[in-house]
Amino acid sequence: MIPIGGLGEMGIGKNMMAIEYDNDIIVIDMGFLFPGSDYPGINYIVPDITYLLENKHKIRGIIFTHGHLDHIGAVRHLLHQLPAPVYGSKFTLAMVQKNMQEATTEYAPDYHVMDPEAHEQVFLGDNFSIELVRVNHSIPDATAVVVRTPEGVVVDTGDWRFEDNPVDGVKFDLDRLTEIATKEGITLLMNESTNCESDGTHTHGEFDIQQSMGQVMEKYPNSRLIISACSSQIHRMQIILDEAKKHGRKVAFAGYSMIQNVEVALRTGTITVPKDVIVKMEDIIKLPDSKVTIICTGSQGEFSAVLNRMANGSHKYIKIKNSDQIVFSSNPIPGNEKYVTRTVDGLMREGSGVIQNGKTHLTGIGPLHLSGHGYYDDHVKLINALNPTFYMPIHGEFHMLVHNAELAEKEAGIPRDNIFVCDSGDVVEISQGQARKAGRVPVGGVMYDDSGEIVSEVVLKDRIHMSNEGIFVVVLTVQKGSGRLLTSPDIISRGFIYLRDSEELMGIIRQYLKQKVARTFNGRKVDLDVAKKEIKDELTHVLYDQTRRTPIVIPVINEIGGGGKPQNNGDRGNAQGEQQNRGQGNQGGNRPFKRPAPKSFPAPAVPDSEAIEPKVRSYTRGY
Ligand SMILES: [Zn+2]
Ligand SMILES: [Zn+2]
């Protein structure tokens, strides 16, 4: 077992597991991770697949457990690099295909839809066969993967919860897993860890939420209802559509990811739309308030999502009014509470009512949300039913993995020596009935920004440095030969201190620069890179001494000589890897600057499930 990502990360995401035997490798999931505001300008992080690239001739298949972005988000960057047939359930593969439409390559993998209910098995290479088993989760068509290997049966649970009464009527197939456990025995269970720290089990199901939606519609028959939920919660949308139909309401969807996912659900027959209920956003606003229901993104308080735009009055179609009722069919992901609060406060300032899950005592309405992941007691039930020889917690921050391991030892009697708590990269080897940790493979992450481009670690470091300390640029114009300063040094500062309030400090800096130039140039031939490095270091010290701050210091030296044409040296990078602004050299002559056509970029990815934000950033790991 080679976890390429997803174990002990900062937050839940970039889930990716490789299983290797002899000349065969199969890969389960290919997710990305939303790193949050600690990584300014970074949209998501994709697993480093160095190990798989070195062994790509061995890869026989790539299997997806379900369509959440922490499991499929990286496909458009990785699939073409690891060409192999792709397996998964119908809706899951439709979500993968939708993601591949935004890939920059033309690569189209062979998709093989597998039917979990048929218990179909597919052989991959000489050593593996795979079977999908139905689980319930907060996205339709989720599965576990059973992998039969020469060393026994390995189960990857994917993400799961138990549901007595799932919206699509298809229950977690614990019978099938139990049958495999009884007949063949399970050598290794790899079980997700997201909610194993939560006590007990779920006390309600999706149909209870439908009832709550009905309550809202009855309590506020003349209000517009605006309901926000995770964009991949297709079954939640189903129950809202059904309830709207009952109450004679129409429904519009708002938000890019929401509309995209609904389209996939419609295309695959995953959602059944009651007749004449869905209308377009621009049409629903023409209807009387009593007919209007809008399902939108923004349940996590995301800044640019629909709900927040309504909250700050900048939405194209919807201006919030006093009679509106906003329903949060969600829980804030730990870490997002303050953003959700900002949105709620904004909505209330605009005058609407706000109904949040977990606040039934205030509104008389609830429950409005159901987590996609099983709780403590559910894990106990699953592990005992499967009775594996070896156990490996996956899909979680390190503390979750540890608690999952403790749970398996305490409640299912798995000996401590048979449980493997791993970080991504830790290899677990099973051989002749024995299991052990067997070294590491290189792992890590590749960061992408909103435009889908890679961001280097150096750029991110500069960004964080600048956001904390600011930037300080000095521009010196000196005469070639004499080294005489031709103008007083230009000083530009952003995010550091306000220059006009700092006359004394500026005086010090100017004096330093004049003297430095006089000493350095003084008729000698000067290595400009060396001079700039010295000025940078010395100024950094002066500024620290005077302000206790360490802005990024960038010296620019223009040498002017001969015919008096400025010779700009400011566009040469230096050893610190800084990116300096390009000087206006005159290499372009007098030709007018022709603006190139704007590029088109993919829409930034937004969280689509509840389990993508870290609970505690207790340690840091360099990417
Ligand atoms: Zn997940
Ligand atoms: Zn999931």
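Helices here are DSSP runs of H or I at least four residues long, numbered from the N terminus. With that in hand, T341 is found in helix α11, residues 337–350. Keep it in mind for a later stop. The model on your screen is a predicted one.

**Stop 1: the whole chain**

Start with the full C-alpha trace, which spans about 90 × 70 × 45 Å along its principal axes. Colour by secondary structure and you should find 17 helices and 26 strands. The protein chain has 623 residues, and buried residues make up 44% of them. If you plot a contact map, look away from the diagonal: of the contacts with a separation of 6 or more, 74% are between residues 24 or more positions apart.

**Stop 2: three domains**

Now give each domain its own colour: domain 1 takes 2–201 + 372–448, domain 2 takes 206–363, and domain 3 takes 457–568. Between the C-alpha centres of domain 1 and domain 2 there are 32 Å. Their contact draws 15 residues from domain 1 and 15 residues from domain 2. On the domain 1 side, the touching residues comprise six nonpolar, five polar and four charged ones.

**Stop 3: the cores**

Select I26, V27 and I295 next. These residues have the most contacts inside the largest nonpolar core, which has 135 residues. Where does this core lie with respect to domain 1 and domain 2? Both domains give residues to the core, so it lies between them. Apart from it lies another core, this one of 16 residues, including F472, I509, L513 and I535.

Then zoom in on I26. Setting aside neighbours within four places in sequence, its contacts are I19, R60, G61, I63, L124, F128, I130 and V147.

**Stop 4: strand β9 and its partners**

Select residues 128–134, which form strand β9. Is this strand largely enclosed or open? Six of its seven residues are buried, so the rest of the structure largely encloses β9.

Add strand β8, residues 121–124, which runs antiparallel to β9 and is joined to it by four bridges. Within this pair, Q121 stands opposite E131. The β8–β9 hairpin has three residues between the strands, and G125 takes a positive phi near 65° there.

Next, show strand β10, residues 143–149. It pairs with β9 over six bridges, again in the antiparallel sense. To find your way along this pairing, label R134 of β9 and T143 of β10, which stand opposite each other.

**Stop 5: helix α13**

Move to residues 376–386, helix α13, and show the side chains of D378, H379, L382, I383 and L386, which are buried. Why do these residues sit on the same side of α13? They cover an arc of only 125° around the axis, which puts them on one and the same side of the helix. To see what covers them, turn on β11 (152–156), α5 (174–183), β12 (186–192) and α14 (398–412), which are among the covering elements. Just after α13, check the backbone of N387, where phi is positive at about 45°.

**Last stop: back to T341**

Return to helix α11 and select T341. Is T341 buried or exposed? A residue is exposed if 12 or fewer other C-beta atoms lie within 10 Å of its own. T341 has 12 C-beta neighbours inside 10 Å, so it counts as exposed. Finally, draw a C-alpha to C-alpha distance from T341 to G301: it should read 7.4 Å, although the two residues are 40 residues apart in sequence.

Terms used. Residues are numbered from 1 along each chain as its sequence is written. Chains are lettered from A and ligands numbered from 1 in the order in which they are written. This is a predicted model: local features need pLDDT of at least 70, side-chain atom pairs count only at pLDDT 80 or more; totals for chains, interfaces and linings use all residues. A nonpolar core is a set of buried Ala, Val, Leu, Ile, Met, Phe, Trp, Tyr and Cys residues joined through C-beta atoms within 7 Å. A residue is buried if 20 or more other C-beta atoms lie within 10 Å of its own, exposed if 12 or fewer, and partly exposed in between; C-beta atoms are placed from the backbone. Domain bounds come from an automatic or database domain assignment. Two residues are in contact if their C-beta atoms, placed from the backbone, lie within 7 Å. Ala, Val, Leu, Ile, Met, Phe, Trp, Tyr, Cys and Pro count as nonpolar, Asp, Glu, Lys and Arg as charged, and the others, Gly among them, as polar. Helices (H or I, at least four residues) and strands (E, at least two) are DSSP runs, numbered from the N terminus. Two strands pair if DSSP finds at least two bridges between them. The arc is that of the directions from the helix axis to the C-beta atoms.
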